[in-house]
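Take a moment with the sequence and the 3D view. This report starts from a single residue and works outwards.

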Amino acid sequence: MANGFPKDNKLCGQMRIAQLYKEGKRFTAWPLRVCFQETEEQTQVLVWAPKSLFKRAVKRNHLRRLMREAYRLHQDMLGEKHYLIAFNYMDKEEQSYAVVEKAICKSLKKISERA
RNA sequence: AGAGUAAGCCGGUCUAUCGCGCCGCAAGGUGAGGAAAGUCCGGGCAGCACAGAGCACUAUCGCGGUUAACGGCCGUCAGGCAGCAAUGUUUGGUCCCUGCUACAGAGACGAGGAAGGUGAAAGUUGAAAACUGAAAGGUGAAAGGCGGACACCGAGGUGAAACGAGCAUACGAUAGGCUGCAAUUCCAAGUAAACCGAUGUUUGAGCGCUGCUCGCGUGAGUCGGAGGGUAGGAAGCGUCAGAUUAAUGAUAGACGCCAAAUGAUGUACAAAGGACAGAUGUACGAUGUACGAUUUUGGAACAGAACCCGGCUUAUAGGCUUGCUCUUUAA
RNA sequence: GGUCUCUUAGUUCAAUGGAUAGAACAGGGCUCUCCUAAAGCUCAGAUUUGGGUUCGAUUCCCAAAGGGACUA
């Protein structure tokens with residue numbers, strides 16, 4: 001079981017991100033909003049907390065790390081297929097790790113079922 | 001002991017498991033703060049410019065020191081404000097030239113003179129009879145009163161300020177070439193040397209001298225519209241962090257810190273009270289106060305590097321050290 | 001990251017350092033009308049915040065907060 005999260009698994013590039021948001025399927029799993037798309041290449045993930053909701057950089061960094069950590073520990077739930085996924089933090093409050101972990105698990109399960 | 005004040009410091013530690021960035025073949029090494037923040041100053045660094053003259057513009061402003069530099073810091077002088085005090089805070093070139101000082105006030109920055117007093121010109125009144133003359137007018141006609149130009153003396157009051165000044169946009173001294181790492185250099189990819197309008201080629205557009213003018217140089221494009229393409233990477237970023245969707249985290253446990261509760265057959269002090277010996281002692285003592293082992297619960301701030309330094313400013317739980325001041329008690 | 005700029009009634013804008021901060025629209029009340037609109041009268045409402053300079057700050061200076069523009 002591979003629980004690492006190296007740099008190759010991060011989604012980057014303005015064009016590819018715009019394409020994902022344009023063509024990908026979306027759903028909400030509080031406090032997250034998820035956007036995903038199936039792909040032939042390796043799985044890449046984007047994690048994001050908006051500046052308009054969290055003005056302090058510390059809080060944004062913390063939430064991003066929580067989401068990334070939760071994904072890293074549960075990424076084997078996705079199965080054999082590869083996806084592009086974007087996790088957007090939605091809630092105005094800063095939630096604990098337990099809440100974020102639950103939401104990530106829920107959304108990963110949903111992705112593997114729907115795709 | 002309490003309260004205050006000034007200066008300085010700390011900003012949890014360790015272990016286990018799973019992970020991240022960078023360096024390295026690997027083993028391994030290394031990885032955020034006192035403010036990393038605001039971007040308010042200064043410097044390094046980079047690019048452009050640097051024949052000259054003049055005018056602007058911006059910043060600073062008692063004195064001395066410190067520094068690579070500063071508008072910072074340290075010491076000190078004077079004034080204002082707060083405090084019983086220790087101390088804190090704030091202001092600090094000049095008024096020669098150019099201007100400003102509302103309302104009120106006679107007058108407001110050139111002076112001019114108000115109530116009142118002294119003197120006093122013009123004018124007016126006194127002013128009619130009578131005489132003279134064709135008439136108009138003249139003579140009579142002076143004292144005194146009213147009047148108050150003007151000259152001298154000169155308060156009180158108004159107002160922040162009444163001739164004393166204060167202020168800056170004014171003057172003086174000093175400093176500053178301009179722009180900023182999205183600077184700048186290189187690589188890769190892509191496109192549109194096309195179209196429309198205005199203006200211009202010796203009757204000189206535009207550009208450069210990076211604010212303007214003179215002056216000098218250059219000499220055919222320049223500006224706007226609509227439209228097309230790209231927005232990746234490397235260096236800059238070394239001196240023990242260094243990315244470019246942007247690394248330093250998550251979980252569990254232990255210790256330490258803070259707050260509340262608990263309060264040991266515990267310790268110290270006070271003590272109603274009865275007991276024993278006896279005119280004062282001895283042990284006991286319900287109960288109260290303080291200190292407190294232990295246990296339980298909760299809490300732990302402000303905040304995250306993007307070229308780097310020196311300051312300033314702002315945010316900040318809790319704690320530590322030292323100096324000084326005041327109040328109370330004891331010696 | 002850097003360079004600038006702005007904050008005044010609910011909204012859009014005025015106001016040499018000078019008296020009670022002005023105007024339009026919006027809002028409340030009254031008149032008119034059978035009712036509404038229009039019109040007329042009237043009322044309330046603001047200098048982003050905290051210091052300083054000044055006799056006196058919307059205005060000048062310093063700090064903070066919140067917007068906006070430009071720059072590869």
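## Arg-60, a partly exposed residue

Arg-60 counts as partly exposed because it has 18 C-beta neighbours inside 10 Å. A buried residue would need 20 or more, and an exposed one would have 12 or fewer. Keep in mind that this is a predicted model.

Where is Arg-60 found? Its place is in helix 2. Beyond residues up to four places away in sequence, Arg-60 touches Ala-49, Lys-51 and Phe-54. Now look along the chain. Lys-106 lies 46 residues from Arg-60, and 22 Å separates their C-alpha atoms.

## Glu-94, in a loop

Glu-94 sits in the loop between strand 4 and helix 3. Is Glu-94 buried or partly exposed? It is partly exposed, because 18 other C-beta atoms lie within 10 Å.

Which residues does Glu-94 contact, leaving aside its neighbours within four places in sequence? They are Lys-59 and Leu-63. Arg-64 is 30 residues from Glu-94 along the chain, and their C-alpha atoms are 11 Å apart.

## How the strands pair

Begin with strand 1, residues 25-29. A hairpin of two residues links strand 1 to strand 2. These two strands run antiparallel and share five bridges. In this pairing, Phe-27 faces Val-34 of strand 2.

Strand 2 also pairs with strand 4, again in the antiparallel sense, over eight bridges. Two pairs of opposite residues help you find this. Val-34 stands opposite Phe-87 of strand 4, and Arg-33 stands opposite Asn-88 of strand 4. Val-34 therefore has a partner on either side: Phe-27 and Phe-87.

Strand 3 covers residues 44-48. It pairs with strand 4 in the parallel sense, over five bridges. Leu-46 has Ala-86 of strand 4 as its bridge partner. To get from strand 3 to strand 4, the chain passes through helix 2. This β-α-β crossover is left-handed.

## The nonpolar core

Next, the inside. The largest nonpolar core holds 22 residues. Those that touch the most other members are Phe-36, Met-67, Ala-70, Ile-85, Phe-87, Val-100 and Ile-104. Four elements give two or more residues each: strand 2 (32-39), helix 2 (57-74), strand 4 (82-89) and helix 3 (97-114).

Which element gives the most to this core? Strand 4 does, with six residues. Strand 4 is also mostly covered, with six of its eight residues buried.

Phe-36 is worth a closer look. Not counting residues up to four places away in sequence, Phe-36 touches Gly-24, Lys-25, Tyr-83, Leu-84, Ile-85 and Ile-111.

## The surface near the RNA

Now turn to RNA strand B. How many residues surround it? There are 21, and the closest are Gly-4, Lys-7, Lys-10, Ile-17 and Tyr-97. Helix 1 (14-23) and helix 2 are the elements that give two or more residues to this surface.

Helix 2 supplies the largest share, eight residues. By type, the surface near RNA strand B has ten nonpolar, five polar and six charged residues.

## Helix 2 once more

Helix 2 has come up in several places. It holds Arg-60. It lies on the path from strand 3 to strand 4. It gives two or more residues to the largest nonpolar core. It also gives eight residues to the surface near RNA strand B.

Conventions
Residues numbered from 1 in each chain as written. Chains lettered and ligands numbered in written order. Predicted model: local features only at pLDDT ≥ 70, side-chain atom pairs only at ≥ 80, totals over all residues. Core = buried A, V, L, I, M, F, W, Y, C linked by C-beta atoms within 7 Å. Contact = placed C-beta atoms within 7 Å. Right-handed = clockwise from strand over helix to strand, strands pointing away. Near = placed C-beta within 6 Å. Nonpolar A, V, L, I, M, F, W, Y, C, P; charged D, E, K, R; others polar.
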